[in-house]
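Reader: I would like to learn how to read a few features of a model, beginning with a helix and the way it sits among its surroundings. Could you take me through them one at a time?

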Protein chains: 2
Amino acid sequence: MNQVIKELAQKNDRKIVFLIMDGLGGLPREKGGRTELETARTPNLDAVAAESECGLHTPIGMGITPGSAPGHLALFGYEPTQYPIGRGVVAAMGIGFPLQAADVAVRVNFATQDAEGRITDRRAGRIPTEKCAELCEVLSAVKISGVEVFMRPVKDYRAMVVFRGKGLSDHVEDTDPQATGVKPHAPKASSEQGKRTAEVTAEFVRQALGLLEGRHPANAVLMRGFAELPTIPGMGELFGLRGVALAVYPDYKGVARLVGMDVVEDLADLDAQGRALKKVWADHDFFFVHHKYTDSRGEDGDFDAKVKEIEKVDAFLPSLLELGPDVLVVTGDHSTPAVMMAHSSHPIPFLIHAANLRPDGTTEFGERACARGAWGVVPGTTLIRLALAYADKLAKFGA
Amino acid sequence: MNQVIKELAQKNDRKIVFLIMDGLGGLPREKGGRTELETARTPNLDAVAAESECGLHTPIGMGITPGSAPGHLALFGYEPTQYPIGRGVVAAMGIGFPLQAADVAVRVNFATQDAEGRITDRRAGRIPTEKCAELCEVLSAVKISGVEVFMRPVKDYRAMVVFRGKGLSDHVEDTDPQATGVKPHAPKASSEQGKRTAEVTAEFVRQALGLLEGRHPANAVLMRGFAELPTIPGMGELFGLRGVALAVYPDYKGVARLVGMDVVEDLADLDAQGRALKKVWADHDFFFVHHKYTDSRGEDGDFDAKVKEIEKVDAFLPSLLELGPDVLVVTGDHSTPAVMMAHSSHPIPFLIHAANLRPDGTTEFGERACARGAWGVVPGTTLIRLALAYADKLAKFGA
């Protein structure tokens with residue numbers, strides 16, 4: 001369908017905003033109760049919903065729990081199953097690393113191991129980003145014959161490494177055991193193609209453990225998401241959009257870069273995102289505003305804190321509306337119910353607001369209210385199409 | 001899916017009627033207001049809706065604005081993106097021109113140009129059909145070596161030309177600049193294949209301008225929609241249906257012919273359509289009854305007039321019901337909101353009425369009411385399947 005959309009896309013000055021609350025969808029805390037979003041006091045969202053068309057969306061498909069990258073790809077109009085993106089690439093793009101074709105990017109967690117090499121903390125006591133940067137400097141001493149190694153901090157205990165050289169491939173399995181009390185896996189090729197890279201990785205780990213010796217709690221590295229750059233047509237090429245991302249967290253900037261968006265750097269919070277939005281308003285027509293902490297508090301299992309994060313976004317909304325977007329979509333990239341402390345497959349509520357549509361009588365922005373909205377449950381990839389249509393950016397199909 | 005349907009299709013005497021109001025879907029005229037259909041007094045449609053299953057459909061996909069031909073193809077069960085139909089073919093089929101494989105059909109508008117050859121009126125003051133027919137006679141004097149030229153009137157200022165000869169192709173761009181104050185484009189091939197046809201077209205235009213000299217306001221021709229006949233399996237072959245079209249306008253007869261329907265000619269209005277329906281009732285089992293003026297009044301931006309056209313169809317409904325169709329579908333091929341004065345992407349309300357179904361509590365045939373109906377928003381291509389099923393024309397799938 002995106003080939004059809006590409007042929008119909010027409011440019012104009014209308015502005016589309018996607019306001020994304022990460023992990024927005026939730027579940028009731030107790031039987032008969034309300035979800036996080038249904039609990040939150042959201043007078044501004046409710047007022048917009050009353051003039052909107054509402055529904056729920058599934059980013060990948062019914063019953064599929066989306067990771068953050070595919071969840072966002074769907075929102076940006078890309079079928080996630082067609083464009084698998086490894087975690088390593090997301091990390092590299094997120095920090096703006098100039099990834100080249102055939103580079104292999106890998107997410108690295110600094111971790112803590114005991115004297116026997118068993119992992120005791122998969123996040124090295126959540127060391128701060130500055131510490132992470134310092135350790136990446138230390139690891140830049142790693143030398144591997146025929147391979148360039150780029151080690152970079154991401155955030156907190158998260159870093160990434162890129163291997164560049166001949167004969168490398170991303171066919172390598174994670175070394176992260178996803179558990180404590182056990183040793184990391186030895187690097188292992190998942191196909192013949194990955195053998196050289198598995199050897200390179202083993203050598204990297206060997207040298208890294210030497211360099212990190214005595215640097216407790218960050219005395220080990222866990223590697224996952226071996227990935228090469230996928231080929232994805234940009235939102236400019238596909239939809240004629242000039243997009244820009246206003247996100248605090250690196251991973252979301254990474255996905256945005258991958259689909260050709262500009263990225264505003266150094267945004268600390270919603271206030272900063274709002275100020276930046278005003279600055280880039282004139283030069284773009286697609287705005288991706290991302291709020292991370294709804295997901296974080298869901299992952300923490302903190303229902304009330306997630307409610308508060310939603311209320312923060314509600315309080316932010318009027319300043320966004322003042323800019324007068326022609327089309328506003330408010331939704332999430334997946335559900336993260338606090339009661340599950342994890343991403344889930346539950347569909348995510350959305351509203352789309354524009355001049356020419358049929359308000360569907362939804363007076364409260366919530367999961368159950370949106371389920372009774374005009375659109376029912378739709379694929380997440382269709383939201384961008386609706387937005388393009390309501391911004392008059394799609395020509396008529398056929399005579 | 002149509003391959004599956006084809007294998008399941010079974011014939012019986014049950015009658016299916018598709019009553020299509022062109023451009024039926026609408027939008028509220030003012031904030032908080034009702035759409036054209038919601039405004040119209042439709043006691044008969046409302047009564048049928050109360051015994052029906054209702055929903056909304058998107059002929060091509062969410063956010064895609066359908067042209068008339070693809071909108072109808074979807075209603076007849078054909079995925080419009082799989083069967084692109086050029087405007088020229090629609091025009092030729094519409095007037096019953098016996099198009100052959102490899103013919104190139106082109107829509108021609110008579111237009112007005114000034115002394116410098118700049119277009120001042122793209123519709124030549126909307127000359128009547130008789131004038132158009134007279135001018136087509138004049139242009140039948142065009143002679144091009146190795147090419148047969150068939151010039152025929154369509155309606156008002158609209159005509160069509162068919163080029164028949166060796167080495168022709170539809171890979172030629174429109175000469176219609178879609179604007180006034182500028183000259184028409186010179187005929188240009190869109191690929192190597194189209195070169196000969198572009199030359200033929202240039203010669204056609206050269207001779208036509210000579211023949212039309214002094215015939216102001218129709219002293220120029222604009223050409224668009226160069227097209228060859230696509231290969232589409234008929235509704236008989238796919239669904240086992242013997243279909244017939246009862247339409248006033250040529251283009252809709254054209255699409256109906258393309259999918260193998262019989263066509264009743266010379267129908268002036270709904271009364272004539274109703275009388276013709278009785279005559280063809282015994283010999284067919286699929287009846288396509290088309291009302292054009294809902295779309296026309298929407299395109300005019302005349303909300304109240306569109307409301308009246310809907311009410312006319314409502315008044316027509318009882319005479320149709322007297323025939324006792326086994327399945328009745330009432331819907332449109334796309335939306336044409338008067339406030340937009342154009343086709344739009346908004347989903348179109350539908351009802352399906354038959355003996356064995358679950359009335360869903362819809363008591364008013366309207367966009368918002370149908371959104372709360374049993375089916376939600378479905379692809380337009382699925383309506384024919386529902387109709388076949390409810391007419392018991394589809395066998396069980398699998399043991």
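Author: Let us begin with helix α14 of chain A, keeping in mind that the model is predicted. The buried residues of α14(A) are Thr382(A), Leu383(A), Ile384(A), Arg385(A), Leu386(A), Ala387(A), Leu388(A), Ala389(A) and Tyr390(A). The helix spans residues 382-390 and is mostly covered, with nine of its nine residues buried. After α14(A) comes Asp392(A), whose phi is positive, near 60 degrees.

Reader: Which residues have the most contacts inside the largest nonpolar core, and which element gives the most to this core?

Author: That core has 66 residues, and those with the most contacts inside it are Phe76(A), Tyr78(A), Met235(A) and Phe286(A). The element that gives the most to this core is α14(A), with seven residues. If we set aside residues up to four places away in sequence, Phe286(A) touches a set of residues that includes Phe76(A), Met235(A) and, from the helix we began with, Ile384(A). A second, separate core has 57 residues, among them Leu75(B), Tyr252(B), Phe350(B) and Ala354(B).

Reader: Why is helix α5 of chain A described as largely enclosed by the rest of the structure, and what covers its buried residues?

Author: Seven of the eight residues of α5(A), which runs over residues 87-94, are buried, so the helix is largely enclosed by the rest of the structure. The buried residues include Gly88(A), Val89(A), Val90(A) and Met93(A). Their cover includes the chain A helices α4 (68-75) and α9 (250-258), together with the strands β3 (104-113), β5 (147-155), β6 (158-165) and β7 (220-227). Following α5(A) is Gly96(A), with a positive phi near 75 degrees.

Reader: How many disulfides does a search of the whole structure find?

Author: A disulfide is a covalent bond between the sulfur atoms of two cysteines. Here the search finds zero over all chains. The sulfur of Cys132(A) has its closest cysteine sulfur in Cys136(A), at 4.4 Å, which is too far for a bond, and Cys132(A) is buried at a relative accessible area of 0%. For Cys370(A), the closest cysteine sulfur is that of Cys54(A), 4.4 Å away and again too far for a bond, while Cys370(A) itself is buried at 0% relative accessibility.

Reader: By what turn and shift can chain B be laid on chain A?

Author: Two copies of a chain are related by a rotation about an axis and a shift along it. In this case a turn of 123 degrees, with a shift of 0.0 Å along the axis, lays chain B on chain A with an RMSD of 0.2 Å. That is the relation of a three-fold axis. Within chain B, the C-alpha nearest the axis belongs to Gly376(B), at 3.6 Å from it.

Terms used
Residues numbered from 1 in each chain as written. Chains lettered and ligands numbered in written order. Predicted model: local features only at pLDDT ≥ 70, side-chain atom pairs only at ≥ 80, totals over all residues. Heavy atoms only, no water. Least-squares fit on C-alpha atoms with pLDDT ≥ 70 in both. Disulfide = S-S within 2.5 Å. Buried < 20%, exposed > 50% of the residue type's maximum accessible area, 1.4 Å probe, protein only. Helix = DSSP H or I, 4+ residues; strand = E, 2+ residues; numbered from the N terminus. Contact = heavy atoms within 4.5 Å. Core = buried A, V, L, I, M, F, W, Y, C linked by side-chain atoms within 4.5 Å.
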